[in-house]
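Biologist: Before I accept the words used for a model, I like to hear what each of them rests on. Could you show me the structure and then take my questions in turn?

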Amino acid sequence: MIVAALGNDTGRNASDGVTRDASVNGSVTDENQVANFEASLDDGPWSDVLPALSGGIFTLTPTLLATIAGGTLIDGQHVLRLRAADEFSNPSNLAELRFN
């Protein structure tokens, strides 16, 4: 199971998806070892983000999100999709986080 949220929602309230700091924090839980963890931003290609996962917890930094975006994370609305699979290739839920 993947859970993700903005690390610092700086908008008018704590859940409006508006931020000046595009860090994403979350967790990946599975009964088995997580062997694959990938992210896609704005319908772009899937990128390996398994190195960002430690002890079931992850942080995707603005720098990593810019890399996933192809080099630059421009201002505006974004959709981050996350997926994982365990060591037996059992897929997780597809998590989606919208932010701008």
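Modeller: Strand 7 (residues 78-86) and strand 8 pair in the antiparallel sense, with five bridges between them; please keep in mind throughout that this is a predicted model.

Biologist: What makes strand 7 and strand 8 a pair?

Modeller: A pair needs at least two bridges found by DSSP, and strand 7 and strand 8 have five, so the condition is met. Within this pairing, Arg81 has Glu96 of strand 8 as its bridge partner, and His78 has Phe99.

Biologist: How do you know that strand 3 and strand 7 pair as well, and in which sense do they run?

Modeller: The cut-off is again at least two bridges, and seven bridges join strand 3 (residues 34-41) to strand 7, the two running antiparallel. Glu38 stands opposite Arg83 in strand 7, while Phe37 has Ala84 of strand 7 as its bridge partner.

Biologist: In what order do the strands of that open sheet come, and which are its edge strands?

Modeller: The order is 4-3-7-8, four strands in an open sheet with antiparallel pairing. Strand 4 (47-48) and strand 8 are the edge strands, since each pairs on one side only.

Biologist: What is the strand order in the other open sheet, 1-2-6-5 or 5-1-2-6?

Modeller: The four strands there follow the order 1-2-6-5, and the pairing is antiparallel. Strand 1 (2-8) and strand 5 (53-54) each have a single partner strand, so one side of each is left without a neighbour in the sheet, and they stand at the edges.

Biologist: What makes strand 5 a partner of strand 6?

Modeller: Strand 5 and strand 6 (residues 57-60) are joined by two bridges and run antiparallel; the requirement is at least two, so they count as paired. Ser54 has Ile57 of strand 6 as its bridge partner.

Biologist: Why is Leu53 called buried?

Modeller: Leu53, which is found in strand 5, has a relative accessibility of 16%, and buried means under 20%, so the word applies. With neighbours within four places in sequence left aside, Leu53 is in contact with Val28, Val34, Phe37 and Phe58.

Biologist: What makes strand 7 mostly covered?

Modeller: Eight of the nine residues of strand 7 are buried. Strand 8 (residues 95-99), by comparison, has a covered face made of Ala95, Leu97 and Phe99, and an uncovered face made of Glu96 and Arg98.

Biologist: Why is Asp42 called partly exposed, and where is Asp42 found?

Modeller: Asp42 is found in the loop between strand 3 and strand 4, and its relative accessibility is 35%; partly exposed lies between the 20% limit for buried and the 50% limit for exposed, so Asp42 belongs there. Asp30, in the loop between strand 2 (21-28) and strand 3, also counts as partly exposed, at 35%.

Biologist: And why does Ser89 count as exposed?

Modeller: Ser89 has a relative accessible area of 60%, and exposed means over 50%, so the term fits. Ser89 is found in the loop between strand 7 and strand 8.

Biologist: What is notable about the phi angles of Asp42 and Ser89?

Modeller: Most residues other than glycine have a negative phi. Asp42, although not a glycine, has a positive phi of about 55 degrees, and Ser89, likewise not a glycine, has a positive phi of about 70 degrees.

Biologist: Turning to the whole chain, which elements does it have, and why is it called as compact as a globular protein of its length?

Modeller: The protein chain has one helix and eight strands, running β-β-β-β-β-β-α-β-β from the N terminus on. Its radius of gyration is 13 Å, close to the 13 Å that the globule rule gives for 100 residues, and therefore the description holds. Of these 100 residues, 35% count as buried.

Biologist: How many of the contacts between residues at least 6 apart join residues at least 24 apart in sequence?

Modeller: The share is 54%.

Technical notes
Residues numbered from 1 in each chain as written. Predicted model: local features only at pLDDT ≥ 70, side-chain atom pairs only at ≥ 80, totals over all residues. Heavy atoms only, no water. Buried < 20%, exposed > 50% of the residue type's maximum accessible area, 1.4 Å probe, protein only. Rg over C-alpha atoms; globule rule 2.2 N^0.38 Å. Contact = heavy atoms within 4.5 Å.
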